[in-house]
Protein chains: 2
Amino acid sequence: MKKVSLKDIATEAGVSTALVSYVLTNKEKEARVGEEIAKKIRAIAHKLNYQPNHIARSLKSGRSFTIGLIVADISNPFFGNIARTIEDEAKRNNYTVIFGSSDENVDKSGDLINVLLNRQVDGLIITPTEGSEEQISQLKAQKVPFVLIDRFFPEIEASHIAVNNYEAAYHAVSHLVKTGRKRIGMVAYKTSLHHIGERKRGYKEALLAHHMTSGNTLLKSARYSHLAADIRLSIDQLLSGRHPADAIFFATNSLAIEGLKYINSLGIRIPDQLAVITFDESEALDLFYSPVTFVRQPILEMGRAAVRVLLEEIKDNKKEIEHICIDTSLVIRKSCGSR
Amino acid sequence: MKKVSLKDIATEAGVSTALVSYVLTNKEKEARVGEEIAKKIRAIAHKLNYQPNHIARSLKSGRSFTIGLIVADISNPFFGNIARTIEDEAKRNNYTVIFGSSDENVDKSGDLINVLLNRQVDGLIITPTEGSEEQISQLKAQKVPFVLIDRFFPEIEASHIAVNNYEAAYHAVSHLVKTGRKRIGMVAYKTSLHHIGERKRGYKEALLAHHMTSGNTLLKSARYSHLAADIRLSIDQLLSGRHPADAIFFATNSLAIEGLKYINSLGIRIPDQLAVITFDESEALDLFYSPVTFVRQPILEMGRAAVRVLLEEIKDNKKEIEHICIDTSLVIRKSCGSR
DNA sequence: CTTGTTTCCTTAAACGTTTAAGCATATTTT
DNA sequence: AAAATATGCTTAAACGTTTAAGGAAACAAG
């Protein structure tokens, strides 16, 4: 079944391909196409089930109507959901999405950026990995339209969509204080990524504001590459000694899940012995015997904003950079006990 | 920063674009290009940082080196992981992936198929939704290369990758029998999809083989569209009456997670009061206080097989259809108690 | 010295669109 | 009646590649 082209329709209608093109792209008015012949062309196109060739169109227009999406880890439902909303929103705007997962690896990220650019995507939505500053700067230098989501580099002026990480963390920790916790620990990633830094800062400032002096001693960081082991160590440290922590704030869902697995294995009861609070929702945390209180990131809004900003940048190259900060909400459940 | 084309290189080297093309696609031998000029062309290409235009290439070759992926629900980690392995494997073969999530909706699935075909994907990998038989048949009639994954329609001769659903279910139920359970229930989806049917059949046959007469009375089905409510109802039915079930086999991870949420809320203890076993792994089921015994589907293998079969079909249009059945394994944990 | 062969390069068409420019013919305006 | 405008279509170039065909020069063989 050979693909039907404009030429086939033109031949059958006994006109030139130009005319067919005008009609099928609804430019009959500007091109002053006769009503009858327009109708005829449409009928034939329909009869032959004509489907325009996007590739030829792209070559001509220099635009592919495709956006590239690079997420940090597509197997994490947080990013899976982001991907879904972005794909939906893109489709609503007649764009398709090519995607890749960088798996938090700089090299893979660089690779993906190259592949996607070679595929002539019109723009990129990226959750940048640690150490990808240069890649991002280069995109900027090349004037490729792009938007960062979830994370960004404060030193690089670029459009991004993020949440109020500092305030959210501050708020979460304050909640723990309100529910009577005295020694609040935090488990985060060992990373230079700014969003995690902000969450740490929110934690520290909240402690300070409530005159809790635990300072840095109760703030632990795990390496992404040695997650399980580092988390175990962190928790051991937090829960040992004369004054063990009575609450832990996890900086992401994967930290919380891995941490709670270990806490389970230690036989520690939530919230009686230990309060737990985390960033991000997850089915695992719903199903937990003591559903975990969490900071909800409005994924739908984030995804939509990312697509909107990107498409605006694509359409208007001169558009100024946009920093969008979206508010989170704290969803209180059982894992912190009650006040 | 204008894109560098073959013409730019040709101009700078003082040769025709043809020569440049031959060199840069490593056809110097066949085209008998002079060594010196080849070296020069390469040097200039490198200096100008030439990146081939995939779109132009695709238009010429009629191939886009892109595959379309339609998953049932990208926010489900099972499909997220499938997507990841497919993307990885595709990239290794110099293919990129355009994706969409059908959300188990026939109309959306049809939409996506059209969009992806319009984008001239070279082939499709699809987890077909219920009722999409016609869409699949049409793909077949149009001779579009495609591979079904996770599910398939027995009445449509098409390549697919699936697991041994019947045997896996049979094995899972047998395990429950071995651990001493007497009244084994099942919660599945209300669907005509074959893979779920096979899981149900495996359940029933296993009961039969072990002379358990519970027959259909303990087999409950929930509608995808009313998941939470139907699951609650199913579990209520299973656990009520004079002879409540002492074990439940869930047909998928989402059923298990939703079901366990409800079971939790009823205060029922696993595995003492009730044994639980399910298809698919999930962090939620790891974190559960009594980690859930499950049927593991080898996602990596499935994804790789799907890409391999699809690329073979793309390369060789005459290739015969391939049915790949991959073995699962039962991962035994605490949720069924011990023998 | 012709003829044949090899070597190295160019020409030009093609893929399927879009769109500016042009060209008849018909109609209106002066 | 001549000039201007409107109408309805076609021509042809362009987007960036690939690749079959051809051609000129150099050399070898007869």
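The exercises below, each with a worked solution, deal with the cavities of a predicted model and with the surface near one DNA strand.

Residues are numbered from 1 along each chain as its sequence is written, while chains are lettered from A and ligands numbered from 1 in the order in which they are written. In this predicted model local features need pLDDT of at least 70, side-chain atom pairs count only at pLDDT 80 or more, and totals for chains, interfaces and linings use all residues, with side-chain values taken from heavy atoms and with hydrogens and water left out.

**Exercise 1.** Describe the largest cavity and its lining.

Step 1. A cavity is a set of points, on a 1 Å grid over the protein atoms alone, where a 1.4 Å probe fits but cannot get out, and its lining residues have an atom within 4 Å of a point. The structure holds 3 cavities of 30 Å³ or more, and the largest has about 210 Å³ of space, a volume being the space filled by probe spheres set on the points.

Step 2. Of the 15 lining residues, I55(A), R119(A), I55(B), T66(B) and R119(B) are the closest to the centre of the largest cavity.

Step 3. The lining divides into 4 nonpolar, 9 polar and 2 charged residues, where Ala, Val, Leu, Ile, Met, Phe, Trp, Tyr, Cys and Pro count as nonpolar, Asp, Glu, Lys and Arg as charged, and the others, Gly among them, as polar.

**Exercise 2.** Work out which elements supply at least two residues each to the lining of the second largest cavity.

Step 1. This second largest cavity has about 50 Å³ of space, and its lining residues include E87(A), K91(A), F99(B) and L112(B).

Step 2. The elements are α6 (77–92) and β2 (96–101) of chain A together with β2 and α7 (106–118) of chain B, helices (H or I, at least four residues) and strands (E, at least two) being DSSP runs numbered from the N terminus.

Step 3. By residue class, this lining holds 8 nonpolar, 1 polar and 2 charged residues.

**Exercise 3.** Trace how the protein meets DNA strand D.

Step 1. Around DNA strand D there are 27 residues, of which R32(A), G34(A), L6(B), S21(B) and R57(B) come nearest, a residue being near if one of its heavy atoms lies within 4 Å of the strand. Sugar and phosphate account for 48% of the strand D atoms that come within 4 Å of the protein.

Step 2. Among the polar contacts (pairs of N or O atoms within 3.5 Å), a backbone N or O atom of S16(A) lies 2.9 Å from a phosphate oxygen of DNA strand D, and a side-chain N or O atom of Y50(B) is 2.9 Å from a phosphate oxygen of the strand. A backbone N or O atom of A56(B) lies 3.4 Å from a base nitrogen of DNA strand D.

Note on methods
On a 1 Å grid over the protein atoms alone, a cavity is a set of points where a 1.4 Å probe fits but cannot get out, and a pocket is an open set with protein on both sides within 12 Å along at least five of seven lines; lining residues have an atom within 4 Å of a point. A polar contact is a pair of N or O atoms within 3.5 Å; within protein, one must be able to donate a hydrogen and the other to accept it, and residues adjacent in sequence count only if both atoms are side-chain atoms.
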